[in-house]
Amino acid sequence: MPIKIPDAVQCGAWSAGWMPKNRTGISATAPERDSCAKDTPQTLVWLSAVQHVSVLSVYLTFPLVVMREAGASMRDTMAVLALSLLAMAVATVVQSHRRLGSGLLCPVTFTAAYIGPSILAYRQGGLPLVFGMTVFAGCAEMAISPFLRRLRALFPPEMSGLVVLLVGISIGSLAVRQLPGPLIDSVDQPLWVTLLVTFVTMAGLSVWGAPQLRHVAVLAGMMVGLVYASFSGVFSAAEFAAIESEPLLAIPRVGQWGITFDPTLITPFVIAAIAASTKAAGILTLAQRAAVGNSPPDRSMIARGIFADGLGTAVAGLFGTTGLSTSPSSVALVAATGITSRRVAAAIGAIFSILAFLPPLSHALAEFPRPVIAATMFFTGCLVLTNGLQMIAACALDNRKSLVVGLSIIAALAIEAHPNIAANAPAFLPPIMGSSLVLGTSVGIALTLLFRIGAKQRHVLAVPSAGISEMQSGFFAGPRVAAAKAEPAARELLESITTTGPCGPVTLTLSFDDYAVDVRAAYIGVLPPLVTHGQHAARAFIRQHGLDRVRGWSRRDRVCVDFRLSL
């Protein structure tokens, strides 16, 4: 159960240097944490790490399902699971690093976003292609990490919710494939009972259990299901004997299959990487909130965290397993316990590294009963799917957004209902249409770009040169309420322009959509002091109003000054 730090060891002082300096957001104002790490008793650090390891281990079902869906051998499955433990160890430590990662306690585990593309890759080129494309996806995520904010037009809030929903649908579809045979068959009845016992335990603890038990509801359900499977014969004595025959210690063979690359799979893995990046950005924001309270999101920290997320996925591919991402369950555990020391990440890495050298554990994971896996995926799929629905419902859906969401879901469900729909399609379509997540996300991105046509609004106002007192306040209101945040900056800009004595009125042009506001002032005269008095004035103006940029230029006596504000 989650461990709450006693009041006596709560962070009281913070020391300098936890985050890089001269940054915006958390980096500039965050309390310092090294003293918090020193104040946290070593016993609490290791107990907290054990809790995180138990929560993170649940997601080992994802690489296990990929291997089973692909029909891999038992030995290959065991090797992949051992390397999966090692990859989680490395990725979690990297994410907590101050320079390579976010510098937060934000443990890493496997994500369902890579399940569909990984199965496609295995069917086309075996394990080397799975791992090679996983490395490519990690590199793609690292490449887009500095530009994620600029990709908001492709992934507005409703698209982020749609991707989460499609991940939930994919998990549910895989869970259905793990179901036993007909219930009327006496051979399969114990399998169904095992599935029911597992799911009921998870659901019961998550609904009626104490708050401390809800964090381990999935793990507790898996353990109860495994115990029942052992007594009911689902987990046979022969399987126990095979586990006992394994050597106690063995060194995992990193990269034993090698890696290959197939250009036809670029689209599925890039979409999976973007989905993982979008998810990681939200989870890192929650991790920051758990660490330092309700401070504004630190963009540089989030960019480093997404870079570390991609680096972890690339390392996982080089080791020989599937893609990784930050864990929402672990971040919830951090918020519940109040233990935010980065030493916990090091302890998690140490525990996972030790477990990776235990072949009996890898064999036990590889032999995990299918009904228990199915119940686990049903439960997690329900939670993921409803999270996506909540994200979509929180958006103000107009006709454009409704069509994007609706058609994308229909496309994804079409793949689940007719898996061979792309059997006779051109060669470039099967990788896209082979996964409901990939096709649904591709349709969503295409429609989002299409419906941006005509979405940007433009309004012009002529402001008298005598001053700004006659500027209509309603110019930034009414149908242009989304652009109201730009009004203070626009008024200050006009005040700076009036000090130069412009000849004639100042033409103020307002252009905006759901993501950014562009304001341009054009007049006859000279550049205002806001632009001409060095970089200091412009930087102060940008910081004061939260702008992306401000610039000015003149041609003969015609002057233009503009700025951009992201919404």
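These exercises work through a predicted model of one protein chain.

**Exercise 1. Confidence**

Find the average pLDDT of the protein chain, and the stretch where the pLDDT is below 50.

Solution.
- Start with the whole chain. The average pLDDT is 82. At least 70 is the score of 88% of the residues.
- Now look at the weak stretch. Residues 1–37 have a pLDDT below 50. This stretch still has 83 contacts in the model, beyond near neighbours in sequence.
- Draw the lesson. Where pLDDT is low, the predicted coordinates should not be read in detail.

**Exercise 2. Overall make-up**

How many helices and strands does the protein chain have, and what share of its residues is buried?

Solution.
- Count the elements. There are 23 helices and seven strands.
- Turn to burial. Of the 567 residues, 51% are buried.
- Check the contacts with a separation of 6 or more. Residues 24 or more positions apart account for 78% of them.

**Exercise 3. Two cysteines**

Decide for cysteine 106 and for cysteine 503: buried or exposed?

Solution.
- Take cysteine 106. Its relative accessible area is 1%. Buried means under 20%, so cysteine 106 is buried.
- Take cysteine 503. Its relative accessibility is 52%. Exposed means over 50%, so cysteine 503 is exposed.
- Look for disulfides. The count is zero.

**Exercise 4. An aromatic pair**

Classify the pair of phenylalanine 131 and tryptophan 257, and place both residues in the chain.

Solution.
- Get the total. The model has five aromatic pairs.
- Read the geometry of this one. The centres are 5.4 Å apart, with 50 degrees between the planes.
- Name the class. Planes under 30 degrees apart count as stacked and over 60 as edge-to-face. The pair is therefore tilted.
- Place the residues. Phenylalanine 131 is in helix H6. Tryptophan 257 is in the loop between helix H11 and helix H12. They are 126 residues apart, so the pair links distant parts of the chain.
- Check burial. Phenylalanine 131 and tryptophan 257 are both buried.

**Exercise 5. Two helices**

How do the axes of H12 and H14 run?

Solution.
- Read the values. The axes come within 9 Å and cross at roughly 10 degrees.
- Apply the cut-off. Angles under 35 degrees count as roughly parallel, so H12 is roughly parallel to H14.
- List the residues that meet. H12 brings Lys279, Ile283, Leu286, Ala287 and Ala290. H14 brings Pro328, Val331, Val334 and Ala335.

**Exercise 6. One threonine**

Where is threonine 313, and which residues does it touch?

Solution.
- Locate it. Threonine 313 is in helix H13.
- Judge burial. The relative accessible area of threonine 313 is 0%, so it is buried.
- Name its contacts. Among them are Tyr114, Thr134, Gly138 and Glu141.

Terms used
Residues are numbered from 1 along each chain as its sequence is written. This is a predicted model: local features need pLDDT of at least 70, side-chain atom pairs count only at pLDDT 80 or more; totals for chains, interfaces and linings use all residues. Side-chain values use heavy atoms; hydrogens and water are left out. pLDDT is the predictor's confidence in each residue, from 0 to 100. Contact means heavy atoms within 4.5 Å. A disulfide is a pair of cysteine sulfur atoms within 2.5 Å. Buried means under 20% relative accessible area, exposed over 50%, partly exposed in between (1.4 Å probe, protein chains only). Rings of Phe, Tyr and Trp (its six-membered ring) pair if their centres lie within 6.5 Å; planes under 30 degrees apart count as stacked, over 60 as edge-to-face and the rest as tilted. Helices (H or I, at least four residues) and strands (E, at least two) are DSSP runs, numbered from the N terminus. Axes are lines fitted to C-alpha atoms, for helices over the stretch in contact, and angles run from 0 to 180 degrees between N-to-C directions. Angles under 35 degrees count as roughly parallel, over 145 as roughly antiparallel, 65 to 115 as roughly perpendicular and the rest as oblique. Lists of a residue's contacts leave out its neighbours within four places in sequence.
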